[in-house]
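Subject: Structure handover

Hello,

Here is the structure I promised to pass on. Please open it beside this email and follow along.

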2 protein chains.
Amino acid sequence: MPDTKQFLTLTSAQRPLFVGIDVGGTNIKIGLVDDKGRTLAYHSVPTQAERGAEDASRRMAEGVAYLLKKVGATKTDVSRIGLVTPGPMDITKGLLLTPGNLPQWWNFPIRDRVAELCGLPVRFANDANAAAFGEFWCGAGVDAHSMVLLTLGTGIGGGIVVGDLLVEGAHSCGGECGHILVDPREDARRDSLDNTGSLEAYCGSYGVVGRAQDALDSGRASTLAKVRAAGELTPLDIADAAEAGDDLAREVVMDTARYLALGIVTLIHTIDPDSVVLGGAMTFGGAGSPLGDAFLQRVHDEARPRLLPPLRQSLRIDFAQLGGDAGYIGAAGLARLEHISWSAAH
Amino acid sequence: MPDTKQFLTLTSAQRPLFVGIDVGGTNIKIGLVDDKGRTLAYHSVPTQAERGAEDASRRMAEGVAYLLKKVGATKTDVSRIGLVTPGPMDITKGLLLTPGNLPQWWNFPIRDRVAELCGLPVRFANDANAAAFGEFWCGAGVDAHSMVLLTLGTGIGGGIVVGDLLVEGAHSCGGECGHILVDPREDARRDSLDNTGSLEAYCGSYGVVGRAQDALDSGRASTLAKVRAAGELTPLDIADAAEAGDDLAREVVMDTARYLALGIVTLIHTIDPDSVVLGGAMTFGGAGSPLGDAFLQRVHDEARPRLLPPLRQSLRIDFAQLGGDAGYIGAAGLARLEHISWSAAH
């Protein structure tokens with residue numbers, strides 16, 4: 001059976017409980033979360049996207065039932081479910097539109113189907129937005145009222161909280177921070193959607209690897225040349241080479257920091273948040289790793305002089321704290337927010 | 001005595017009334033506004049910045065008294081004042097910090113001083129943000145719940161409304177959209193703050209004139225060469241030449257549209273608002289002028305293909321509707337919002 005990460009005794013949990021479901025291309029993460037954001041039980045199932053959204057919805061309902069049983073709770077202990085998926089989506093209608101990594105699921109009314117199968121109301125949201133809300137609720141943004149999260153991976157996910165509320169957008173596209181533009185040139189680097197000059201085109205994994213490959217192609221000496229000769233170059237190869245002192249690899253990492261800083265300056269001049277938080281696999285080891293810490297410091301050093309003077313002292317860029325749990329915890333947090341609004345109105 | 005733009009009889013006005021005060025480098029605009037955003041009386045006085053903030057505060061109080069008398073109202077008809085100034089500022093403390101065009105006013109506690117002199121509570125805000133709130137309340141954004149206003153002039157002012165609320169920022173720097181970055185090159189164009197690659201560096205008046213001058217310097221033929229030989233080139237010269245069919249001038253205008261579109265794409269991927277609104281003097285004639293309409297169309301055409309596909313159909317970019325009144329109307333609207341919150345809590 002599934003890995004169950006963390007148990008707190010149900011008696012210590014603050015009611016009502018919430019379920020967070022984070023649907024990814026590979027796994028569906030399901031967490032039972034209490035009113036303070038603590039995970040009481042956790043369960044992960046393979047997405048098996050090719051079996052379709054109806055099949056996955058049934059397995060989500062089974063997963064929820066399994067978790068409740070595991071901690072000796074019943075459906076009546078749960079106020080509602082937060083369900084988050086990759087976009088594009090129509091949040092108002094509860095509809096998946098055309099998520100790239102779930103091609104068999106397009107146009108599926110997932111919110112209402114999961115609600116029906118689980119017998120609980122469902123709050124539907126974007127996965128990257130939910131991760132931001134998770135970090136805001138009980139991670140790196142716990143003391144903030146406004147926050148931007150950038151999740152660095154294959155692409156760049158984003159989420160924005162302003163005035164304690166998530167910016168979901170008028171067309172379910174709020175916080176699509178990977179698609180802000182940082183380069184106006186017609187021949188700028190292209191991202192996965194074939195757009196030129198986006199933040200993702202430079203700082204997503206393909207952008208990072210692409211910049212290393214361009215440098216190798218231009219004849220730069222590097223230990224990465226041998227790695228590439230043996231197979232495809234990965235971001236991990238670049239991180240390893242940078243940690244081992246390879247100049248080119250280190251330059252690629254620090255250039256990533258510079259481009260990211262440009263995007264962060266733009267986001268700060270737009271939102272002026274309490275803090276900016278960086279998460280995801282492409283943080284070069286993250287907090288505590290020498291390369292990750294040097295990367296974060298460089299982002300800070302590149303951003304700071306480009307800010308309006310009143311913003312320089314207060315600049316705060318931190319690593320995320322919840323890792324891969326941010327999505328389902330944020331989903332549960334959004335369910336909780338809907339519960340609070342609903343309770344206030346009833 | 002002052003010009004009084006518009007009178008509605010007080011009997012038709014919806015109480016309570018609000019005063020909006022918009023402090024600019026040249027003039028202070030004061031409007032008495034009703035609960036529906038209608039201007040009952042308007043008054044403009046020279047700022048005379050060099051006489052200092054205390055002197056100006058006294059003249060603001062006199063202006064408010066004058067307007068009330070003019071419409072036969074008293075202080076008890078007014079709920080509160082909205083006072084907006086250029087930044088940088090500390091909104092929470094009600095303090096001007098270092099506004100570039102009011103050098104004698106630095107660090108003046110303007111909110112509390114105006115409140116004291118007028119005997120009314122004052123809501124303090126940034127002028128560009130207030131203009132956005134004005135357009136949102138009763139101008140181009142009247143049917144929106146989220147909106148971005150870009151005010152194009154010497155610099156580029158910005159204001160953002162999300163979920164019917166103004167994004168003022170954790171450090172009073174929300175919506176500083178002129179300072180988002182659109183060009184990563186070290187040798188990119190510089191703005192008034194000496195930052196490279198900002199939207200303002202390309203689309204503020206100096207950026208527009210600078211691009212025309214660079215083209216002339218590179219030997220491009222244009223009627224602007226003769227204009228420049230006779231004196232300093234202005235944005236109006238460029239607009240006139242573009243309207244008269246000068247190729248270079250038209251290219252400068254349309255390049256402005258392209259850079260602006262890059263910034264707008266970034267803002268849309270961040271906020272995903274209902275609409276984007278363009279105001280200010282640098283809109284090349286604005287709504288109804290052939291050049292202004294062509295400019296707006298070009299902004300639209302450049303932005304649309306760069307957007308995430310779900311956002312392309314819904315793209316809405318409009319000209320502002322309130323002109324130079326947006327600031328004081330928005331100030332009154334913010335005062336009204338504070339009145340509503342206060343009333344709900346008391």
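Below is what was found, starting with the interface and ending with the salt bridges.

First, a caution: this is a predicted model. Keep that in mind throughout.

**The interface**

Start where the two chains meet. Chain B uses 44 residues to contact 44 residues of chain A. About 3600 Å² is buried between chain B and chain A. Carbon and sulfur atoms give 61% of that area. Which three residues of chain B supply more of its buried area than any other three? They are L181(B), P184(B) and T270(B), which supply 18% of the area that chain B buries against chain A.

Now the polar side of the interface. Two salt bridges cross between chain B and chain A. One pair with this kind of link is E186(B) and R258(A), at 3.6 Å from N to O. There are also 20 residue pairs in polar contact across the interface.

Which elements of chain B are involved? Strand 9 (156-162), helix 8 (247-271) and helix 10 (309-312) of chain B each supply at least two residues to the side that touches chain A. Helix 8 of chain B gives the most, with ten residues. Sorted by class, that side of chain B has 23 nonpolar, twelve polar and nine charged residues.

**Helix 8 of chain B**

This helix deserves a separate look. Helix 8 of chain B has 25 residues, and at 1.5 Å a residue they should span 36 Å. The end C-alpha atoms are 36 Å apart, so the expected span and the model agree. Is helix 8 of chain B mostly covered or mostly uncovered? It is mostly covered, as 21 of its 25 residues are buried.

Look at both ends too. At the N-terminal end, D246(B) acts as a cap. A side-chain oxygen of D246(B) lies 3.2 Å from the backbone nitrogen of L248(B). Just after the helix, D272(B) takes a positive phi of about 50°.

**Salt bridges**

Side chains of opposite charge can pair when their charged atoms come close. How many salt bridges are found over all chains? The search of the whole structure finds 42. Here are three of them, with their surroundings.

- R316(A) and D318(A): the closest N and O atoms are 3.0 Å apart. R316(A) is partly exposed, at 28% relative accessible area. D318(A) is partly exposed as well, at 24%.
- D55(B) and R59(B): the closest N and O atoms are 2.7 Å apart. Both residues lie in helix 1 (residues 53-70) of chain B. They are four residues apart, about one turn of the helix. D55(B) has a relative accessible area of 21%, so it counts as partly exposed. R59(B) has 13%, under the 20% cut-off, so it counts as buried.
- R123(B) and E338(B): their side chains meet at 3.9 Å, N to O. This pair links distant parts of the chain, 215 residues apart. R123(B) is in strand 7 (residues 122-126) of chain B, and E338(B) is in helix 11 (residues 326-345) of chain B. R123(B) counts as buried, at 13% relative accessibility. E338(B) is partly exposed, at 28%.

Some salt bridges also share partners. In chain A, they join E54(A), R58(A), R113(A) and E116(A) into one network.

Best wishes

Key: Residues numbered from 1 in each chain as written. Chains lettered and ligands numbered in written order. Predicted model: local features only at pLDDT ≥ 70, side-chain atom pairs only at ≥ 80, totals over all residues. Heavy atoms only, no water. Contact = heavy atoms within 4.5 Å. Buried area = accessible area lost by both parts, 1.4 Å probe. Salt bridge = Lys/Arg side-chain N within 4 Å of Asp/Glu carboxyl O. Polar contact = N/O pair within 3.5 Å; in protein donor to acceptor, adjacent residues only side chain to side chain. Nonpolar A, V, L, I, M, F, W, Y, C, P; charged D, E, K, R; others polar. Expected span 1.5 Å × (residues − 1). Buried < 20%, exposed > 50% of the residue type's maximum accessible area, 1.4 Å probe, protein only.
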